[in-house]
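Subject: Structure for you to look at

Hello,

Here is the structure I promised to pass on. Please open it first, then read my notes below.

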Amino acid sequence: MNRIQADVVIIGSGAGGGTIAQALAPLTADGKKVLVLEQGARLRDDEYTGVESDMARALYEDSGGFLTEQGTLTLAFGRTYGGSTAVYTGTSLIAPERVIRAWDVPDLDHDDIARRCRNFAAQNHVHLLPDDEINDNNRLFELGCRRIGLAAEQFPVNVNGCRGSSLCNLGCPNAAKMGTDRVQLPAAETAGVEVVTRAEALRIEERAVIARVSRPLDGEKGLPSAWEPGEYRIEASAVVVAGGAVGSPALLLRSGFGRLLPRLGEGFTCHPAFILVGEHEERITNDVGHPKSFYLDRAQEEGYVLETCMYFPFITAKNLTGFGPDHSALMKAFPRLQMILVLACDRAVPGNRVSVSGKGVTRVHYEFTPEVRSSLARATVMAARIFFAAGAVRVHAPLASPPLLTRGQADQLDQKISAHEFLPGRTSVSAAHLMGGCAMGRTPEDSVTDAWGRVHGVPWLRIGDSSLFPDSLEINPYLTIMALADRTAEALMGDSAALFDS
Amino acid sequence: MSVSLGVVRDPFRALCIAFVPESAELNEPGWRELESEVERALADRPTAIQKQMVLLIRILDLLARARHGNPLAALTPAARRELLTRLQDSRWLLLRRGVWGLRTLAFLGYYSRPDTAASIGYRADLRGWEARR
Ligand SMILES: Cc1cc2nc3c(=O)[nH]c(=O)nc-3n(C[C@H](O)[C@H](O)[C@H](O)COP(=O)(O)OP(=O)(O)OC[C@H]3O[C@@H](n4cnc5c(N)ncnc54)[C@H](O)[C@@H]3O)c2cc1C
Ligand code: SF4
């Protein structure tokens, strides 16, 4: 086993890990060694081809289809330099005040989160796209909302030089999306932080990380690791875990911390989602232009959020319910399709959690609560209303039976769409906002860390990613994750004298 | 281990045609392209899942023989769809999951082909607006 000495090891390079790497970079000026271990690869710019199956395999865990234990929900999360920020859409919202208040974490207040979010928004070039860059798919959503008396809000997005390829979720081919892969990690590396890709942390021991560096497989995208393939023991004064809401609790459970922290892995939420499509008579611009410009926030009133979206052929096919001629007919109407993503604001409930098997395999357990099913049904009715109001002639609604609704049925949506039609295993549901598993709180009995990512009872171990959320955020989470990660880094800097001298 | 669909080729193709009727029009190289995409996806999954998928295809073929007296490949696409719809709506989660998994693989194989993307009018381009204006 190779041995390495470092001062801080950060595990994961996503929204959390990338932020922490940048915030801790000043330590390198004092001669401290800050390392980031990322299990995924770093791609060359010319490897972002927009080819769906190739990019999904190169950038996501399980190609974006990580299946829960129940086999009824797929989770999409990144496994690459930049983590999920390399594949996110870049919609940039600040956590609602009421959500942070309801989390009830001592020493965590909304003003602090909002201030940090605004800083990162500025750093990531967040702005509203001008009108002439918004495509029909997005305009029709706004129009449909307006026609039924609702006001869609425009998403601020973090793009710089966006050409409108619509391929954000396959990694931006134009280096225009300002994820940690484009902003925070390069800044950290320039300042002296070392980012080691293809380096998976296998276990955490007392002030040490055991990691395995792999070589690229034949034909695989991505650069080789800067380190030789093999096993490493990296000793460090502080270890920061930022492997995401699945990766972080799984790694800590695998390392035996579950004995000390009974809440580890618990409280997993994910905004379970599916897509609805509306078919128009004429072609619309949908697969060109930034995919996500508007949303309708009904979280507080009805437990859901609607967002515009546009996916690629396979993901679209997979997300539509059913198969056979009706399904094919919709797929052939692709140039006339408008899409809406409905997301349920799920709650942290007992049983929905991350665990590891006896062999160390990561498992996610997730059951759809009656509240989530009802939220999805209400959201489906609303999305169908918006489609018809925008002029769609047919709507494919997963919770309608049969799923295809015609304009003539537009006034019967409440009867046609029902939560009873939600059949796990038949209804295609996926999620990309993974949260919780190492929740912040007060004590080891109710949480894993304090409000600053300090793991209860283990001063050298910190968490800085989406796993810190004690409950769902009810809105797109990346800016809030960066804010929490920034707090983790700040606390670590504050404790550095004690950490580095011990 | 990586699985080869060769051992269940006929029932697998019959299922694909039930899920995506247009796949019936694929020529042999088209089928190979579809199958290699599916095999590539399965190869990334644990061996147990690979084996379960092959087993499920075999069970569906047996079920077709038991119910209709013919293997899947000899049934009309409508009869295959009827069988799959029943299983998809079944009260047993395991059966619903199985159909969902197979359907996902068929869609992956079919809709990942560049020819398919063009045939459904999907035109996303790295150059974005510039490619359209
Ligand atoms: C398709 C998609 C679209 C999205 N769109 C939006 C959006 O528009 N707006 C928004 O706010 N949010 C969006 N999100 C969510 C957002 O991207 C994530 O919530 C956020 O990136 C999570 O940050 P994280 O640091 O917790 O984890 P990640 O960003 O997922 O990073 C975790 C990293 O840790 C690595 N890792 C895990 N375990 C180990 C280990 N043991 N050893 C080494 N490395 C490890 C992983 O490979 C990964 O790279 C989207 C997500 C997806 C998947
Ligand atoms: S739409 Fe813009 S940000 Fe998204 S992938 Fe295309 S160029 Fe990049």
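How many salt bridges does the rule find across the interface of chain A and chain B? Eight. Keep in mind that this is a predicted model.

**Chain A with chain B**

One of those salt bridges joins the side chains of A:Lys332 and B:Glu22. The N to O distance there is 2.7 Å. Polar contacts also cross between the two chains: the rule gives 21 residue pairs, both partners at pLDDT 80 or more. Chain A puts 54 residues into the contact, and chain B puts in 41. The size of an interface is often given as the accessible area lost when the parts come together. For chain A and chain B, the buried area is about 3800 Å². Carbon and sulfur atoms supply 56% of that area.

**The two domains of chain A**

The domain assignment splits chain A into two domains, each built from several segments. Domain 1 takes 2–17, 37–125, 168–201, 212–268 and 434–501. Domain 2 takes 131–155, 273–345 and 369–423. Their C-alpha centres are 31 Å apart.

Where the domains meet, 14 residues of domain 1 are in contact with 17 residues of domain 2. About 1300 Å² is buried between these domains, with 63% of it on carbon and sulfur atoms. What does the rule find here by way of salt bridges? It finds zero across this interface of domain 1 and domain 2. Polar contacts do occur: five residue pairs, again with both partners at pLDDT 80 or more. On the domain 1 side that touches domain 2, the residues comprise four nonpolar, seven polar and three charged.

**Ligand 1**

Ligand 1 is surrounded by 37 residues. The closest are A:Glu38, A:Ser84, A:Thr91, A:Ser466 and A:Tyr478. A:Ser84 brings a polar side-chain atom to 2.6 Å from an oxygen atom of the ligand. The backbone takes part as well. A:Gly90 has a backbone N or O atom 3.1 Å from a ligand oxygen. For A:Ala15, a polar backbone atom is 3.3 Å from an oxygen atom of ligand 1. How much of the accessible area of ligand 1 does the protein cover? The cover is 95% of the 1000 Å² that ligand 1 has on its own.

Over to you.

Best wishes

Technical notes:
Residues are numbered from 1 along each chain as its sequence is written. Chains are lettered from A and ligands numbered from 1 in the order in which they are written. This is a predicted model: local features need pLDDT of at least 70, side-chain atom pairs count only at pLDDT 80 or more; totals for chains, interfaces and linings use all residues. Side-chain values use heavy atoms; hydrogens and water are left out. Domain bounds come from an automatic or database domain assignment. Contact means heavy atoms within 4.5 Å. Buried area is the accessible area (1.4 Å probe) that two parts lose on being put together, summed over both. A salt bridge is a side-chain nitrogen of Lys or Arg within 4 Å of a carboxyl oxygen of Asp or Glu. A polar contact is a pair of N or O atoms within 3.5 Å; within protein, one must be able to donate a hydrogen and the other to accept it, and residues adjacent in sequence count only if both atoms are side-chain atoms. Ala, Val, Leu, Ile, Met, Phe, Trp, Tyr, Cys and Pro count as nonpolar, Asp, Glu, Lys and Arg as charged, and the others, Gly among them, as polar. A residue is near a molecule or strand if one of its heavy atoms lies within 4 Å of it. Accessible areas come from the Shrake-Rupley method with a 1.4 Å probe; for residues, only the protein chains shown count as cover.
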